[in-house]
Amino acid sequence: MSSSVSVDHSQPEGLRAKTNWIVDAARAIEQSRDGGADRRMPGGVYVLDREHVLATPRDNGDSRYPYGRDGFNFWVYASGYMHSNEGLYSHFMRASQGQEPNIAFFAGLEDGHGFCPVPLLSVPKLPDRPGTRFERYTVLSNSAAYFITTSDTLRFVVRVFVDTEKAICFSVQAANLADHEQSLYLSSYFNPFLRHEVHVGAEDAWFKEVQVIDPVKGSDSLSGFLVRVNEDVDRTNSVSNWGIFRRSLSLGPGCRMTRHEATTARMQFVGGARSSLHNAAALSAGTFGQPQKVCTFVDNAIAGDLLHLKLAANTDARLDIVFSHTDGAKQARQQVHAPVDSSEIDRQLHRLEQDDHDRHNTLELTIGQTDPKYTHPKVFNAFIEHLKRQVEFCALIKGYVQLSTNSLIGIRDVCQAIEALAAWNPDAARAKLIEAIGFTEPGGRCFRQYSLPSKNGTIGRMDLRPFIDQGSWIVSCTVSYLKYTGKYGVLNEEVGYHRIVDEANSQVEPANERDSVLMHLFKIMRYLLDHRDHGHTGCVRALYGDWNDAMDGLGVSMDPSQTYGTGVSVMATLHVYQNCLEMIDLLLALDDERYIKHVKAYRAAAESIREGLQKYAVVSNDKGHARILHGWGDRRSYLVGGFNDPDDVARDGLMSNVFWVLSGMLKHTPDQEWMILDAFNRLDDKYGLKTFYPSFPPNVRGVGRIGKLPPGTAENGAAYIHATAFAIMALFQIGKPKRAWDQLVKILPFTDIHENLSHSPFVMPNSYGLNPEKFIDGQNMNDWQTGSSNVVLKTLLRYVFGIEPVFGGLWIQPAGWAPFKDFSARTMVRGCEVHVKCETDAPRGRVFFVNGQRAEGAYDPTMKIDKLWISPQQIAQKKLEIRITG
């Protein structure tokens with residue numbers, strides 16, 4: 001067999017056909033001479049096509065995918081663990097690793113002494129049946145997850161997805177591959193939570209009731225389950241939350257159900273208080289005995305069943321279960337009798353897949369043949385598709401992704417993601433931007449995090465800690481959105497404010513004031529510029545902190561009567577400098593004499609900031625070596641990120657160096673490029689550029705909580721990928737593409753160095769730890785909800801594929817080196833479809849063609865490339881085919 005794996009990329013209809021397609025694709029990978037090297041990711045994950053990844057069982061981590069929309073998060077893990085929440089309301093609570101899952105499926109095979117249970121997910125982990133070998137394949141796609149358990153004679157699949165009404169649809173299929181009849185059972189187990197809590201409480205069982213609901217006489221449905229959970233809203237109000245399980249069974253020709261049992265008592269399912277799903281008595285016996293049809297108070301109520309089946313040769317049976325939820329008793333009792341149509345479930349999934357395709361099809365980025373030292377095209381191109389879904393997820397979150405009372409919607413986080421999302425879903429980006437801008441105080445102060453009002457209009461939880469950088473991200477995001485879309489009407493859209501009522505208790509209320517988006521930007525800029533150290537350095541005061549959350553000590557005042565002093569964040573100062581330039585460009589593009597005074601004011605502020613940074617942010621030692629500081633404390637009483645930090649250590653900080661480039665400051669100090677590259681050299685390590693090096697020990701004066709993190713983790717001396725990705729963007733900007741790609745290989749999770757990756761390799765994680773003394777080497781804190789995703793995507797789009805919209809036109813500027821021979825990029829810019837095709841290994845210099853006509857490029861001495869200017873008149877053509885050679 002050839003070393004490349006042949007996989008049919010068509011999407012067959014029908015669950016059995018889809019299951020067979022997955023098994024055939026997985027086995028083709030297994031049987032290939034190189035083990036599917038051109039599709040392999042770390043963690044036993046393989047690319048089947050650009051929408052489907054195959055995840056084999058592993059014990060050193062887990063991969064996952066979120067399903068749902070509009071704030072409903074249903075997480076499905078390759079291991080089989082599943083949990084869901086909407087805000088602080090959890091339908092199914094998350095189980096810790098190794099614990100009994102709250103959703104589980106089993107098959108039971110007769111073994112002469114009863115039944116041998118076979119888990120149809122990888123959890124709970126049970127011993128294999130003697131003499132029977134099952135292979136397991138888990139496939140996570142953009143719209144559904146598939147868990148396949150297969151042998152020579154039987155094949156099972158569990159498929160799960162969330163429909164547009166936020167119902168969770170489970171389909172369990174058992175296929176008899178033998179030429180004779182086989183007997184078995186299918187069993188499902190659900191332990192719903194249905195409470196506004198972040199932890200399971202000792203008294204929860206007292207207020208939960210599950211009952212079996214017999215099917216309507218004459219219907220083809222199976223019995224269902226009705227769940228009621230009572231919880232107190234406050235001292236005087238209580239509500240009932242309802243969960244509904246509807247079920248149906250479809251039998252192939254010659255198949256029959258011989259017995260059906262349903263129970264609502266966990267102890268009856270597992271066998272008693274000392275048992276669990278790992279040794280459930282009912283699964284071994286194949287019966288619940290006398291099934292308990294209602295359970296409350298004395299046991300944890302669950303929804304469990306056993307369906308005994310006879311499967312004719314080469315046929316199958318399919319069990320469909322739909323879980324929905326409501327807060328109305330009448331609706332619940334009506335819904336539980338609604339029929340379940342397996343064909344309609346399949347059609348719903350097809351519509352979801354089509355909707356997903358249509359949402360993301362506007363942006364397409366693909367590469368051709370590559371140097372395998374860097375990546376494989378099948379892996380890279382599939383990663384781009386999942387990365388787009390990750391950015392969309394981060395941009396459109398509605399809070400509580402981590403199921404914590406502090407897991408709110410971060411202004412800086414969501415604005416960075418919106419900026420990337422505008423490249424292919426500008427309408428959704430605009431709506432979220434307007435939402436975020438509304439969480440600004442009338443004086444221009446942006447909240448750090450916010451949550452959305454409840455259904456009855458109650459104001460949500462806020463994080464009002466004055467991290468100084470929040471407003472900067474709103475300005476940058478709005479400007480980027482306008483460059484991409486040209487929809488200046490958003491600047492006139494009226495948006496409200498929120499007034500702080502009680503800062504100590506994070507209480508706010510809607511302000512009786514509305515302004516245009518542009519006026520919000522003016523007020524935000526005024527707030528940022530007002531909070532400079534006007535009496536001394538002219539730089540931006542850190543207040544509670546900046547982008548680097550863990551570095552939250554610089555702003556503390558030496559005066560006990562003052563909360564915040566004159567301590568400075570250099571990164572935040574550089575970002576405000578960038579904001580001044582962005583506002584100047586925006587106002588000049590508007591070409592309105594009303595804004596001349598604003599332009600002059602921002603130019604003056606930018607000049608003042610530049611002078612302050614050049615005077616105070618760059619320090620030298622007696623050997624003539626120079627460094628850019630991370631910042632300093634009140635009254636410049638100590639420096640951080642220089643030659644003598646408060647712990648008497650010379651230390652580098654990454655982000656101040658990075659933003660010296662990204663803000664445009666380097667254009668005025670080009671001789672300092674070497675200083676930045678030297679800092680990058682000192683910060684470089686196995687998994688990329690560290691955020692700080694050396695790490696901070698505990699209790700360093702004036703830096704905050706960063707020293708509480710173990711060395712080599714998160715921001716404290718590790719490759720915190722969000723920061724490293726910004727640095728890669730800076731390297732591309734200064735014409736160092738080879739060096740940028742060497743760093744990209746270190747942070748992209750699917751490359752060979754990430755053998756210890758503990759999360760999903762097909763989306764960006766947030767960090768790679770490295771501390772051998774503590775047995776940390778490449779593991780991650782988290783995946784999916786991380787700002788590294790949008791920075792990586794923006795870097796690829798702007799500098800690798802080279803599409804950079806600006807006011808007045810568009811630059812086509814692929815970097816001067818790439819590890820692949822060709823690429824294709826397609827996106828929409830201001831209503832124009834821009835399609836760029838580039839041959840990077842052409843023998844002569846770079847040549848441009850626009851719609852078949854040769855075009856002249858312009859040399860960029862900073863990026864060290866020829867790049868192409870696309871005028872507004874060309875964009876107005878609505879379609880541009882741009883070909884580049886060289």
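**Exercise 1. Determine what share of the contacts in the protein chain with a separation of 6 or more comes from residues 24 or more positions apart.**

Solution. A contact requires heavy atoms within 4.5 Å. Among contacts with a separation of 6 or more, 66% join residues 24 or more positions apart. The model is predicted, so local features need pLDDT of at least 70, side-chain atom pairs count only at pLDDT 80 or more, and totals for chains, interfaces and linings use all residues. Residues are numbered from 1 along each chain as its sequence is written, and side-chain values use heavy atoms, with hydrogens and water left out.

**Exercise 2. Compare the radius of gyration of the protein chain with that of a compact globule of 886 residues.**

Solution. Step one is the rule: 2.2 Å times the number of residues to the power 0.38, with the radius taken over C-alpha atoms. For 886 residues the compact globule would come near 29 Å. The protein chain has 29 Å, which agrees. Along the principal axes, its C-alpha atoms fill a box of roughly 85 × 70 × 55 Å.

**Exercise 3. State how much of the protein chain is buried and how much area it exposes.**

Solution. Buried means under 20% relative accessible area, exposed over 50%, and partly exposed in between (1.4 Å probe, protein chains only). By that cut-off, 61% of the 886 residues are buried. The exposed area is about 34,100 Å², and carbon and sulfur atoms supply 48% of it. Areas come from the Shrake-Rupley method with a 1.4 Å probe.

**Exercise 4. Test the length of helix α15 and describe its cover.**

Solution. Helices (H or I, at least four residues) and strands (E, at least two) are DSSP runs numbered from the N terminus; the protein chain has 18 helices and 48 strands. The expected span is 1.5 Å times one less than the number of residues. Helix α15 (residues 721-733) has 13 residues and should therefore span 18 Å; its end C-alpha atoms are 18 Å apart, which agrees. As for cover, twelve of the 13 residues in α15 are buried, among them Ile721, Phe726, Met729 and Phe732. After α15 comes Gly735, with a positive phi near 75°.

**Exercise 5. Locate the cis peptide bonds before Pro124 and Pro694.**

Solution. The bond from Val123 to Pro124 is cis, with omega near -5°. Pro124 sits in the loop between β9 (115-119) and β10 (135-141). Tyr693 and Pro694 are also joined by a cis bond, with omega about -5°. Pro694 belongs to the loop between β35 (692-693) and β36 (719-720).

**Exercise 6. Classify Leu403 and Lys864 by phi and by accessibility.**

Solution. Leu403 is not a glycine, yet its phi is positive, near 50°. Its loop runs between α6 (377-395) and β23 (409-410). Leu403 counts as buried because its relative accessibility is 18%. Lys864 has a positive phi of about 65° and is likewise not a glycine; its loop lies between β46 (858-860) and β47 (865-870). At 39% relative accessibility, Lys864 counts as partly exposed.

**Exercise 7. Describe the surroundings of Val703.**

Solution. Val703 lies in the loop between β35 and β36. With 1% relative accessibility, Val703 counts as buried. Leaving out residues up to four places away in sequence, Val703 touches Ala550, Met551, Asp552, Gly553, Val640 and Phe696. Val703 and Pro646 are 57 residues apart in sequence, while their C-alpha atoms are 8.6 Å apart.
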